[in-house]
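Please find below a short note for a colleague, arranged as numbered points. The structure is shown first.

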Amino acid sequence: MPFYHKLGRIPHKRHITFQKESGAYYYEQLFGTEGFHGFSSLLYHTHRPTQVKHIGEPIDLTPVAALDKHVKAQMLRGFDVKPTADFLDSRVIVLFNNDVNIALAAPQKSMTDYFYKNADADEVLFVHKGTGTLKTLVGNIPFSYGDYLVIPRGMIYQMHFDTEDNRFLVVESFSPVLTPRNYRNNFGQLLEHSPFCERDFRAPSELETHDEKGDFVVKTKKENVLHEVVYGTHPFDVVGWDGYNFPYAFSIHNFEPITGRVHLPPPIHQNFEGHNFVICSFVPRLYDYHPQAIPAPYNHSNIDSDEMLYYVDGDFMSRNHVEKGYISLHPAGLVHGPHPGAMERSIGQKETGELAVMVDTFKPLKLTQAALDISDPDYYKSWVE
Ligand SMILES: [Fe+2]
């Protein structure tokens, strides 16, 4: 995040001695995500954070394309993905390319016997259902319905759920996830025309420090392979840290919509961006107010963009027969637009209660077999009158 945050105890200057009451030293770690030039934080560990005792057999999680190089619009019934006890097992990749993996997950159990680290992707967990706490080595963040949890690569974390009824949309990004450049000044501060400001972002608020030795499993994902790395000390042994690299939460309910007299294009809904993709938030808002305005979008062909829309809540104005958790995919190369009747229905309407998350990618998305298993095979013909 382009703002400074700190928690716990840190020495008055970086890279100097920092001692415990016993006289022993704390161990400093520079935690950066892009070489030495990107965001970084300085962490102070109770134990050396390098004590690997054992590495288990790797598990290959590389997604496999069941449908590639296609022009077929898709509608996936996201809630058909079955709840699964374990958080990592529950993540079902449905769409992917070289920039992102997009998964659905309905985990039931809190992570208590292992920790997780995604070594090469920032993760965005959108909370569709459930409450709980994201626990990380730099502090905890409570979450609830509508939160985006943005977790930079390398952040060791656990998810703790209050109940078994949880649903997430997961975006793994192989580049840093940032707020849109056009909403920030040269120093990273969010500008006045941004649909959100720094107060809307929740940084870690509570730092848990565990001074424990034993066997601690950190399941570490690297190049789509999961490695079970056993450490000799508890990963959450940080007594203090400061810097710019940390996880945060942003609630979609805090996204302030931008509206106009006539229809405004999707970039006004943009919330985040990464290399070759954007994430947009469609939130309840007043419709366009020109006396002849058509609130439904015009037909459009962003010839180079795949458009994935995840339906969260409310009636989605431009689509017929959409339910919560559905995912539509409108691939690059074809024109798409409102369903028959949707444009006419929208005229004269004053507001919408729709809530949706859109991921537009500038490279085509491939579908896994898991996606085809929950897809409507006739959706691509649903515009025929
Ligand atoms: Fe579109």
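The points that follow concern a metal site and one serine residue in a predicted model.

1. The iron ion is coordinated by His 300 through NE2, by Glu 307 through two OE entries, and by His 336 through NE2, at 1.9 to 2.8 Å. Along the sequence, the spacing of these donor residues reads H-x6-E-x28-H.

2. Two of the donor residues come from separate parts of the chain. Glu 307 belongs to strand β24 (residues 306–313), whereas His 336 sits in the loop between β25 (326–330) and α1 (342–346); the pair therefore ties together parts that are 29 residues apart in sequence.

3. The geometry of the site deserves attention. The four donor atoms subtend angles of 52 to 172° around the iron ion, so the arrangement is irregular. For a tetrahedral assignment, all angles would have to lie between 85 and 135 degrees. Water is not among the atoms, so sites may look incomplete.

4. Are Glu 307 and His 336 buried or exposed? Glu 307 is buried, its relative accessible area being 7%. His 336 is likewise buried, with a value of 9%. The cut-off for this class is under 20% relative accessible area.

5. A further point concerns Ser 281, which is part of strand β22 (residues 277–282). Ser 281 has 0% relative accessibility and therefore counts as buried.

6. Which side chain forms a polar contact of 2.7 Å with that of Ser 281? The partner is Asn 271. With neighbours within four places in sequence left aside, Ser 281 is in contact with Tyr 148, Ile 252, Phe 255, His 269, Asn 271 and Ala 356.

Methods: Residues numbered from 1 in each chain as written. Predicted model: local features only at pLDDT ≥ 70, side-chain atom pairs only at ≥ 80, totals over all residues. Heavy atoms only, no water. Donors = N, O, S within 2.8 Å, 3.2 Å for Na, K, Ca; no water. Tetrahedral: all angles 85-135°; square planar, octahedral: opposite > 155°, others 65-115°. Helix = DSSP H or I, 4+ residues; strand = E, 2+ residues; numbered from the N terminus. Buried < 20%, exposed > 50% of the residue type's maximum accessible area, 1.4 Å probe, protein only. Polar contact = N/O pair within 3.5 Å; in protein donor to acceptor, adjacent residues only side chain to side chain. Contact = heavy atoms within 4.5 Å.
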